[in-house]
Amino acid sequence: MVFLAAALVGLALAVDIAPAFAQGVPSSQSPPWLDPALLPAAKAEGSLTVYSSTNEQEGLPLFKLFTDATGIKVDYVRASDAILMSRMGIEFRADQRSYDIAQTATINKMPLQMLAAYEPPEAANISPEARDPSKRWHGVYANYNSPAYNTDKVKASELPRSYEELAQRREWAGKVAIDGTDNEWLKAMLQHYGEQKGTEIVKSIVAALRPVVTDGHLAMARATGAGEYWVSLNNYVNLSMNVKLAGNPIDVWALDPVTLFFGQVGINAKAPHPNAARLAANFMLSRECQQFLARFGRLPTREDVASNPLGMVEMLTQRKVITVLMSPDEERKWQRQFDQLFRGR
């Protein structure tokens with residue numbers, strides 16, 4: 001097996017929990033997502049391997065809920081989206097049956113042959129935009145994008161009301177950051193403003209604010225919360241909220257356009273434990289799972305789960321929301337354009 005040991009951010013972490021249903025028979029208190037017809041076959045497979053870009057502080061206790069309900073041991077492998085995409089591609093070409101489900105924000109960019117077509121029953125309860133027409137992925141949480149700011153460094157009254165106005169905040173020069181992979185945001189900007197005007201606005205922001213190009217959205221959110229950067233030009237709202245909920249002086253404000261894509265779950269076409277994979281995919285779309293993730297600021301794709309803090313989705317959707325789901329070729333195109341604008345290459 002190819003492990004890419006030097007590149008991995010996180011190693012496989014076993015979640016060994018005492019089985020709650022030793023005989024594989026759900027009790028009368030079983031959660032709604034637990035399919036009694038699927039559970040025996042899933043338990044017979046013995047375990048579940050998850051590849052995820054969600055940090056271990058959220059991912060491990062989340063899958064403890066799954067293990068508690070099913071008795072299925074989970075091996076949790078955490079790394080960045082980019083590293084997981086590379087690893088999964090290598091393992092697919094090597095015909096390795098290495099993982100069962102993947103949970104990242106980039107599953108829609110994977111070749112279709114790498115993913116099994118499956119529609120979990122709980123998919124009926126998530127928003128239509130969060131359901132892949134080919135049934136290869138489903139949205140676990142809504143990944144809205146907006147700027148964020150350190151509330152100790154910037155007053156709410158000073159916040160610009162548009163990206164054109166943001167470009168005039170020259171006093172913030174060198175104190176602004178953006179992740180080096182925010183090509184979805186760039187596409188939404190040019191789609192909203194038009195290619196010529198959108199490009200001009202982005203160029204004016206780069207010239208006036210000299211944004212620091214960072215590596216990692218969570219690291220940028222934490223750095224903004226710590227005051228290293230005063231403003232995140234763009235970041236995932238759920239990560240900014242995660243840092244805020246931890247007690248740091250950070251908040252978000254919405255500008256047109258608000259970019260949207262999804263944290264997604266998909267099943268490996270070569271899953272070594274396909275029944276456990278289907279059960280886990282259904283779990284990740286459940287109310288129980290999304291309520292748990294909301295505790296960390298992740299925004300639900302289900303209407304019956306409230307955001308945390310309350311009202312976040314309503315605030316964001318008052319703006320122009322543009323959903324961006326790109327193919328691998330489109331992503332490469334927009335990443336090249338992003339690099340030209342922000343890195344000068």
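Which residues are buried in α6? In this predicted model, the buried positions of α6 are Gly198, Thr199, Ile201, Val202, Ile205, Ala208 and Leu209. Helix α6 spans residues 195-209, 15 residues in total. The distance from its first C-alpha to its last is 21 Å, close to the 21 Å expected at 1.5 Å a residue. The buried residues of α6 pack against three helices and two strands by label, namely α4 (163-166), α5 (183-193) and α12 (328-343) together with β6 (176-179) and β8 (231-236). Just after the helix, Arg210 adopts a positive phi of about 45°.

Helix α4, one of the elements packed against the buried residues of α6, contains Glu165. The relative accessible area of Glu165 is 17%, so this residue counts as buried, the cut-off being under 20%. Glu165 is separated from Ile201 by 36 residues in sequence, and the C-alpha atoms of the two are 9.7 Å apart in space. When residues up to four places away in sequence are not counted, Glu165 touches Leu159 and Pro160.

A further helix pair is formed by α2 (residues 56-70) and α10 (residues 287-294), which pack at an angle of about 155° with their axes 11 Å apart. Because angles over 145 degrees count as roughly antiparallel, α2 is roughly antiparallel to α10. The crossing of α2 past α10 is right-handed. On the α2 side the contact is made by Glu58, Pro61, Leu62 and Leu65, and on the α10 side by Glu288, Cys289, Phe292 and Leu293. By class, this contact comprises six nonpolar and two charged residues, with no polar ones.

Note on methods
Residues are numbered from 1 along each chain as its sequence is written. This is a predicted model: local features need pLDDT of at least 70, side-chain atom pairs count only at pLDDT 80 or more; totals for chains, interfaces and linings use all residues. Side-chain values use heavy atoms; hydrogens and water are left out. Axes are lines fitted to C-alpha atoms, for helices over the stretch in contact, and angles run from 0 to 180 degrees between N-to-C directions. Helices (H or I, at least four residues) and strands (E, at least two) are DSSP runs, numbered from the N terminus. Angles under 35 degrees count as roughly parallel, over 145 as roughly antiparallel, 65 to 115 as roughly perpendicular and the rest as oblique. A crossing is left-handed if the near helix is turned anticlockwise from the far one by less than a right angle, and right-handed if clockwise. Contact means heavy atoms within 4.5 Å. Ala, Val, Leu, Ile, Met, Phe, Trp, Tyr, Cys and Pro count as nonpolar, Asp, Glu, Lys and Arg as charged, and the others, Gly among them, as polar. The expected span of a helix is 1.5 Å times one less than its number of residues. Buried means under 20% relative accessible area, exposed over 50%, partly exposed in between (1.4 Å probe, protein chains only).
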